[in-house]
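I sat down with this structure to look at its ligand surroundings, a pair of helices and a sheet. Here are my notes, in the order I took them.

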Amino acid sequence: MRLAVLVLLALIVFLQLRASGFGRHLSDDREVEVVVVPSLPGQVGIPAAVTAKGPKTKGYLNGFRPVNESRVAIITFTTEQKSYLHMSLRNHQRYANKHGYDFIVDFDQHAERGLMWHKFEMVERLIDGGQHDWIWWMDFDTLITNMTMKLTDVIADAIKETPDPDAIDWIFTPDCWELNAGSFITRASPRAKPFINATIAYHEANATYEQQLSEQDCIRDVIRGGVFANHVKFVSQATINAFPKEIKCWDQEKRPWRKGMFAIHFAGAWAHLEGEDDATGLLMRQYIDDVVGDDDP
Ligand SMILES: *[C@@H]1O[C@H](CO)[C@@H](O)[C@H](O)[C@H]1NC(C)=O
Ligand SMILES: *[C@@H]1O[C@H](CO)[C@@H](O)[C@H](O)[C@H]1NC(C)=O
Ligand SMILES: *[C@@H]1O[C@H](CO)[C@@H](O)[C@H](O)[C@H]1NC(C)=O
Ligand SMILES: *[C@@H]1O[C@H](CO)[C@@H](O)[C@H](O)[C@H]1NC(C)=O
C-alpha cells in the first residue's frame, strides 16, 4: 500500500516536470537557449573561442538566425611581410567596424596539409567558437570596394532563390575555371563540417607527389561529386570575387571589377603582370582609391 502511494507520488512529480519542459530535446523550430555575444570590432587575431561570453538570451541555433540579424566574421590569414599589409588589413577592418562584423586574422599557420588548408582550420575554429552565424573567407589579396553593401544582404540574395535556403552552407564563385576559393561564404554551423572532412578525405585519398591537389582542386572535385549539392550555392563571380581588368579570368558573365562592386580579388596577379615583382601591391595601391562607402577615407 505504502509502495503504491510512493509510485503514485513519483509519477505526479515526473508528469509535472515534463509539463514544465524538463528534459525536452532541442525543438525542430530551432528556438533554443544560446549564448549571444555582441560583436567585438577590432578582434584581430583573437580566436573566437576565447572571447568573452555575453548574457544568456533566447536565440537561435548558430547559423540559423534571420540572415539580417546574423553575426558575421570576415576571416583571412597572412604569414609574410608584404607591401600591402596595412592597406589590406585596414580596408577589411573598416568594413567590419562599419557593420558590426568581426574581422579575424591569423599571422601563423601550421596546417600540415599545406598553407592554404589553414583556411579550413580557421573556419572550423570559428564554427566551434559558436559566436557567429556566417563566415566570409577572403584571401589576403582582396579589398572590399563598396563598404555600403552588407554581407548579410548578399547572403540573403544568394540563398533566397534556392529550393531550401536553410540548406545552403557554402556560397562559392567560379572564375574562368569552375571554382575560385579565394572568396567564399560558410554558414557557421557544425553542419558545414562534413563538407570540410570530405575535402580533406579527398586530398588524403587522391593527392600524390605527381598529382598535387590544392585545397581549391579538392573543393571543386567534392562539389562535382554531388553529395553536397543541396548545401552549395554558386553566385556570379562579380558578387563577391570580382577580378580587375588586368586579370582576365572571369566567369561566363565576363564582368571585370568596376567601381561600386562589392569586392576585388587580385588573384594570381604575378602571372598577369609580367616582370613586376610586386604585382599585387601595385594593383592594390591603384584600386584602393576607388573604394566607395568608406566613412573614414
Ligand atoms: C530582419 O528582418 C525581419 C523580417 O523582415 C524584421 O522583422 C527585423 O526587424 C529585421 N532585423 C533587422 C536588424 O533589421
Ligand atoms: C571530421 O574529421 C575529424 C577528424 O578526423 C573527426 O574528429 C570528426 O568527427 C569529423 N566530423 C564529421 C562531421 O564528420
Ligand atoms: C578520390 O577520387 C576519386 C575520383 O575523383 C573519387 O571517386 C573518390 O571519392 C576520391 N576519394 C575520396 C576519399 O574522396
Ligand atoms: C554601393 O552599394 C550600395 C548598396 O548596395 C549601392 O546602393 C550603391 O549604388 C553602390 N555604389 C556604387 C558606386 O555603385
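Before listing neighbours I fixed my rule: I call a residue near a molecule if its C-beta atom, placed from the backbone, lies within 6 Å of it. I also noted that I am working with a predicted model.

**Entry 1, ligand 3.** Which residues surround ligand 3? I found A201, Y202, A205, N206 and D221. Sorted by class, three of these are nonpolar, one is polar and one is charged. I then asked which element gives the largest share of this shell. It is helix α5, residues 193–206, with four residues.

**Entry 2, α5 against α6.** D221 sent me on to the next helix, α6, which spans residues 215–225. At what angle do α5 and α6 pack? I read about 110 degrees, with the axes 9 Å apart. Angles of 65 to 115 degrees count as roughly perpendicular, so α5 is roughly perpendicular to α6. The crossing of α5 past α6 is right-handed.

I wrote down who meets whom. From α5 come F195, A198, T199, Y202 and H203; from α6 come E215, C218, I219, D221 and V222. By class I have six nonpolar, two polar and two charged residues in this contact. I was pleased to see two familiar names: Y202 and D221 take part in the helix contact, and both are also around ligand 3.

**Entry 3, ligand 4.** Around ligand 4 I listed N146, T148, M149, K259, G260, V292 and G293. Here the classes come out as two nonpolar, four polar and one charged.

**Entry 4, the sheet.** In what order do the six strands of the open sheet run? I traced β4-β3-β5-β8-β7-β9, and the pairing is mixed. At the edges sit β4 (102–106) and β9 (232–234), each pairing on one side only. On average, neighbouring strands are turned by 20 degrees against each other, direction ignored.

Next I started from the β4 end. Strand β3, residues 72–77, pairs with β4 in the parallel sense over five bridges. Within that pair I75 stands opposite I104 of β4. Helix α3, residues 118–129, packs on the sheet and touches β3, β4, β5 (134–138) and β8 (180–187). The direction of α3 makes about 150 degrees with that of β3.

**Entry 5, the β9 end.** Do β7 and β8 run parallel or antiparallel? I found them antiparallel, with three bridges joining β7 (residues 170–173) to β8. The two strands form a hairpin, and six residues lie between them. On the other hand, β7 pairs with β9 in the parallel sense, over three bridges.

I finished with W170, which has a partner on each of these strands. In β8 its bridge partner is T186, while in β9 W170 stands opposite V232.

Key
Residues are numbered from 1 along each chain as its sequence is written. Chains are lettered from A and ligands numbered from 1 in the order in which they are written. This is a predicted model: local features need pLDDT of at least 70, side-chain atom pairs count only at pLDDT 80 or more; totals for chains, interfaces and linings use all residues. Ala, Val, Leu, Ile, Met, Phe, Trp, Tyr, Cys and Pro count as nonpolar, Asp, Glu, Lys and Arg as charged, and the others, Gly among them, as polar. Axes are lines fitted to C-alpha atoms, for helices over the stretch in contact, and angles run from 0 to 180 degrees between N-to-C directions. Angles under 35 degrees count as roughly parallel, over 145 as roughly antiparallel, 65 to 115 as roughly perpendicular and the rest as oblique. A crossing is left-handed if the near helix is turned anticlockwise from the far one by less than a right angle, and right-handed if clockwise. Two residues are in contact if their C-beta atoms, placed from the backbone, lie within 7 Å. Two strands pair if DSSP finds at least two bridges between them.
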